[in-house]
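Student: I have a model open on my screen and would like to learn how to read it. Could we start with one residue and work outwards?

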Amino acid sequence: MNDTKMTRRRALMAGVVGLAAAPLVAGSAFAEPSTNAVKVYLDPGHGGSDPGAVGNGLQEKNLTLDIALRTRTLLQARGATVRMSRTSDIARSLDWRVQDANAWGANLFVSIHINAGGGTGFESYRYTSTGSGTVNAHNILHPAVLSGMRSVASVTDRGKKTANFYVLRYTSMSAILTENLFIDRASDAALLGRADFRAGIARGHSNGIAQILGL
Ligand SMILES: [Zn+2]
């Protein structure tokens, strides 16, 4: 981590702490948490008429929603305010997701997906050209998710990657997209079908997001 990144990281942390401390400065014990809390936007991929990837009796849209809902519960317990692009099996366009997160003013955007195409394991993405804040967030979230998975089962690390994905390009805050195993690989799908493994994925996301935002 170079000096510039360290400075940005400190600035981010200071900003978060400053927001959290604001109600105490104002002398109110009953401040509205919704106006001061750290805002996390979770984006379960696909939904409704778009199942995403399918394989081994599973549909990506159902897995991403389950993982996102579990992650939301964990983050809310840590005091975060969480908004999701969908909380049920409905279709949302990529542009709707981006505009919703931008209008809400999220501090961090995390899109949750399941991979396909014959590989195995976990990989994650940031936009091809980002600031140091997003690079730092990626560097924290990737190993955290992997650790959550590995607390349950052995998982291949495919590494941190960059891509020109719509939700990464057009979000105005730091944004990371996770590809959580391969639905068309039988051994990966067997893990994805287990509630305890999905809970591990969610734990990893929650731990990483909490570390990024100082929760
Ligand atoms: Zn997807």
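Tutor: Happy to. This is a predicted model, and Ser 206 is a good place to begin: its relative accessible area is 1%, which is under the 20% cut-off, so Ser 206 counts as buried.

Student: Where does Ser 206 lie, and which residues does Ser 206 touch, leaving out those up to four places away in sequence?

Tutor: Ser 206 is part of helix 8. Leaving out those sequence neighbours, Ser 206 touches Thr 71, Leu 74, Leu 75 and Arg 78.

Student: How do I describe two packed helices?

Tutor: In general, you give the angle between their axes and the distance between those axes. Here, helix 3 (residues 60-77) packs with helix 8 (residues 195-213) at about 50 degrees, and their axes are 8 Å apart. That angle makes helix 3 oblique to helix 8. The crossing of the two is right-handed.

Student: Which residues make that contact?

Tutor: From helix 3, they include Leu 63, Ile 67, Thr 71, Leu 74 and Leu 75. From helix 8, Ala 199, Ala 202, Ser 206 and Ile 209 are among them. By type, the residues of this contact are 10 nonpolar, three polar and four charged.

Student: Is Val 145 buried or exposed?

Tutor: Val 145 has 0% relative accessibility, so it counts as buried. Val 145 sits in helix 5 (residues 132-150). Apart from residues up to four places away in sequence, Val 145 touches Phe 122, Asn 180, Gly 204 and His 205. Try one distance as well: Val 145 and Gly 208 are 63 residues apart in sequence, yet their C-alpha atoms are 6.8 Å apart in space.

Student: Which residues are the protein donors of the zinc ion?

Tutor: They are His 46 through NE2, Glu 60 through OE and His 113 through ND1, lying 2.1 Å from the zinc ion. Along the sequence, the donor spacing reads H-x13-E-x52-H. His 46 is in the loop between strand 1 (39-44) and strand 2 (54-55), while Glu 60 belongs to helix 3, so this pair ties together parts 14 residues apart in sequence. His 46 and Glu 60 are both buried.

Student: And what does the whole protein look like in terms of helices and strands?

Tutor: The protein has eight helices and eight strands. Of its 215 residues, 47% are buried. Among contacts between residues at least 6 apart in sequence, 78% join residues at least 24 apart.

How values were computed: Residues numbered from 1 in each chain as written. Predicted model: local features only at pLDDT ≥ 70, side-chain atom pairs only at ≥ 80, totals over all residues. Heavy atoms only, no water. Axes fitted to C-alpha atoms, helices over the stretch in contact; angles between N-to-C directions. Helix = DSSP H or I, 4+ residues; strand = E, 2+ residues; numbered from the N terminus. Parallel < 35°, antiparallel > 145°, perpendicular 65-115°, else oblique. Left-handed = near helix turned anticlockwise from the far one by under 90°. Contact = heavy atoms within 4.5 Å. Nonpolar A, V, L, I, M, F, W, Y, C, P; charged D, E, K, R; others polar. Donors = N, O, S within 2.8 Å, 3.2 Å for Na, K, Ca; no water. Buried < 20%, exposed > 50% of the residue type's maximum accessible area, 1.4 Å probe, protein only.
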